[in-house]
Structure formats: structure tokens, C-alpha cells
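Biologist: I am new to this structure and would like a close look at a single part of it, the sheet and what packs around it. Please take me through it in one connected account.

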Amino acid sequence: MGPARRRAALRLRGGGSPPLLGLLPGRFSIFPLFFLALLLGFASLLWLQLSCSGEGPVPGDGQSRGGPRQPCPPQAPLPPPLAVEEDEPSWGPHRLALLVPFRERFEELLTFVPYMHRFLSKKRIRHHIFILNQVDHFRFNRASLINVGFLESGNDTDYIAMHDVDLLPLNEQLDYSFPEAGPFHVASPELHPLYHYKTYVGGILLLTKQHYEMCNGMSNRFWGWGREDDEFYRRIKGAGLQVRRPSGITTGYETFQHLHDPAWRKRDQKRIAAQKQEQFKVDREGGLNNVRYRIESRTALNVAGAPCTVLNILLDCDTSETPWCTFG
């Protein structure tokens, strides 16, 4: 039973007011009244759930039974549905692999996939969304998942977006086009709602596949939350590349919606053994060349009309090199 139902049940257990009970027959039992109220409460919750969609009104469902479904706040506004015709010349020659590191954040995923599909389609960006789902028993490794996504994204994409699942672009002027001149940091420090230091390159970062290979991808040594993007900034500079960022965006820290609720979902910020010292070092050997993994399954999904591919990924860890990959 969820928190709302428990609260409803607790209120019901308190019974009615004494004057109301005084009007009932002397031999009337309170238990049938209680169960009737409980049944009505469940029916109300069921109606609310069915009449409320996680993404607002569903495209093409404007005359569904009982009227249009009402949005469940808080949600980012969805761009209007579009007819996707990627074969049109106006879509351009390039194709984006949207790489989304993921583990057990399904409510965010259900919002993210249809939102980003519509957002990119409206901008006429050819794209393929890859959900990089870590299913092993090691700590979360965002960087290794991105390396795997890069290797598994196929030859029909020529650039990537390293994209957090909890960050939605709200400003349609944000550029997701082919970053030919160098890595393009969409979620720049001037626009990201949380992180504002000048070397920050997390959140949403676009690179050509050639440039990502020049960096040898990301380090596989970062288990748990954080620091992998700071190390990747040094790799970008070491490869002789210059990070570019958006200009002319006037929406400031309202440019993105951050879906993550820290009170509900705690991040794994433990620093175990030598991890405290290692997290500030540059990994000059590892990356694309030594990521260890196995694809458990590859599944094509359609989320509210938006296609994506879910890769269930089993990462491997050499505990002699990075003993902090386990939860022990």
C-alpha cells in the first residue's frame, strides 16, 4: 500500500464525528461503513491513476473514454507530436546516437524517451536512443556504460550525445547538430541548474565519433557517482580539442528541467579504499581500449510512440585494479 493509501486508511480508521454516529441505529455496526468508505477510497485512487498520464495528453488520444487524460505534475512540457520523415533532405546527412547511462530509474525513463524523441524530431535531428542499462552487481559506472554504448551504436550513427536521463532541454534553441568543430557541451555551466564550475562537461555533451576515439573514450575506473566527467575534460584537452558551449541562450538556469529527486533516490557517493586519491588522477591507459563487458540482451522498445534500444549490459571489474567497484 502506497503512502497516499496508508494516509487515507489512517483517516478512515479515525471514524466519523460523534454527532454523526449518534444518528445511526443503536445496533448499527461501524465496520460495514468503514469498508464501504475504504472501497470508495480505492475506487477514487484508481480513477485518479487512470485519468492521469505521466506525460500529459497522449498524441492521437484526444477523444479517449472519460475525456483527455490530465497531466501528472511535475512534468516537462512535451513538444507536439510530429510526423517523422527522416528520409527528407532537410534532416541532413548526420545521425546522432543518444547514449543514456541507466539503472533503475524507470519513472524518469518513461518521461525522457518520448520527450527527447519529439524534441529532436522537431529539430530534424536524425537520432537513435540507446538506453545503457547496467544489470550487473557492481556499482554504477556511467563512463564505462558510455564506452559500451559507443562501441555498440553501429555504423549508421556518426556522432554521440552523452546524455543524463534526468535532464530535459526546455529551450528549443539548444543545438544538437553535428559538432564538427569539436565537443559541444549543451548543458554548459551557465545553463545547468546545479553545476556551474567552468571545467564542467557533464549532463549533455556532443562529440563526433572521431573525436571520442581521439580521447580513447572515458576512463573505466570511476565506480559510483561523480568525477568521471572531470577526468574526461582533461582527456579532451589532452587530445587537443576545444570544448564549445551554447551562445545566445537567454533562459539561464531555467534552460533545463532536472528530474532527479535526491530525497527519493540517493546517489552512490561512497569513496572506498584508495578511491579518494584515485578520483583526482588522469587515467592515461584505460578507456575504449580496455572496457570489459558483455551484452546480455538488446531489445527494441517503443515508449509512447518513441523508439529506443535497450542494451542490458554486464560490466566486468578487475578488483585488483579498482577494488572500489563493489559495494563491500
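**The sheet and its surroundings**

Modeller: A good place to start is Ile-131, which, leaving aside its neighbours within four places in sequence, is in contact with Val-100, Phe-102, Leu-109, Val-113, Cys-308, Thr-309, Val-310 and Leu-311. Apart from the core discussed next lies another core, of 31 residues, with Phe-150, Tyr-212, Ile-313 and Leu-315 among them. The model is a predicted one.

Ile-131 is also one of the residues with the most contacts inside the largest nonpolar core, together with Leu-98, Val-113, Met-116 and Tyr-176. That core has 34 residues. Two or more residues come from each of strand E3 (96-102), helix H4 (106-122), strand E4 (127-134), strand E5 (159-163), strand E6 (167-169), strand E8 (204-208) and strand E11 (306-315). The element that gives the most is H4, with 7 residues.

Now the sheet itself. It is an open sheet of 7 strands, in the order E7-E8-E5-E3-E4-E11-E10, and its pairing is mixed. Strand E7 (184-185) and strand E10 (293-303) are the edge strands, each pairing on one side only. E10 runs antiparallel to E11, and 10 bridges join the two. In this pair, Val-303 stands opposite Ala-306 of E11. Helix H4 packs on the sheet and touches E3, E4, E5, E10 and E11. The direction of H4 makes about 165 degrees with that of E4.

One residue of E11 deserves a separate look: Thr-309 is found in that strand. Its relative accessibility is 9%, so Thr-309 counts as buried, the cut-off being under 20%. The side chain of Thr-309 makes a polar contact of 2.7 Å with the side chain of His-128. Not counting residues up to four places away in sequence, Thr-309 touches His-128, Ile-129, Phe-130, Ile-131, Arg-298, Thr-299 and Ala-300.

Next comes E5. This strand is mostly covered, with 5 of its 5 residues buried. Side chains in a regular strand alternate between the two faces of the sheet. In E5, Tyr-159, Ala-161 and His-163 point one way and Ile-160 and Met-162 the other way, and all are buried. E3 and E5 run parallel and are joined by 4 bridges. Leu-96 has Tyr-159 in E5 as its bridge partner. E5 and E8, in turn, run antiparallel, with 5 bridges between them. Here His-163 stands opposite Ile-204 in E8.

Helix H5 (142-152) comes before E5, with a loop between them. Of the 11 residues of H5, 9 are buried, so the helix is largely enclosed by the rest of the structure. The buried ones are Arg-142, Ala-143, Ser-144, Leu-145, Ile-146, Asn-147, Val-148, Gly-149 and Phe-150. Just after H5, Gly-154 takes a positive phi of about 85 degrees.

The loops bring in charged pairs. Side chains of opposite charge can pair when their charged atoms come close. The structure holds 13 salt bridges. In one of them the side chains of Arg-95 and Asp-156 meet, at 3.8 Å from N to O. Arg-95 lies in the loop between strand E2 (70-71) and E3, and Asp-156 in the loop between H5 and E5, so this pair ties together parts that are 61 residues apart in sequence. Asp-156 has a relative accessibility of 47% and therefore counts as partly exposed.

Another salt bridge joins Arg-103 and Asp-136, with the closest N and O atoms 3.5 Å apart. This pair links distant parts of the chain, 33 residues apart: Arg-103 is in the loop between E3 and H4, and Asp-136 in the loop between E4 and H5. Both Arg-103 and Asp-136 are buried.

Arg-105 forms a salt bridge with Asp-166, and here the closest N and O atoms are 2.8 Å apart. Arg-105 lies in the loop between E3 and H4 and Asp-166 in the loop between E5 and E6, so parts that are 61 residues apart in sequence are tied together. Arg-105 is buried, as is Asp-166. A network of salt bridges links Arg-105, Glu-108 and Asp-166.

Conventions: Residues numbered from 1 in each chain as written. Predicted model: local features only at pLDDT ≥ 70, side-chain atom pairs only at ≥ 80, totals over all residues. Heavy atoms only, no water. Core = buried A, V, L, I, M, F, W, Y, C linked by side-chain atoms within 4.5 Å. Buried < 20%, exposed > 50% of the residue type's maximum accessible area, 1.4 Å probe, protein only. Contact = heavy atoms within 4.5 Å. Polar contact = N/O pair within 3.5 Å; in protein donor to acceptor, adjacent residues only side chain to side chain. Pairing = 2+ DSSP bridges. Axes fitted to C-alpha atoms, helices over the stretch in contact; angles between N-to-C directions. Salt bridge = Lys/Arg side-chain N within 4 Å of Asp/Glu carboxyl O.
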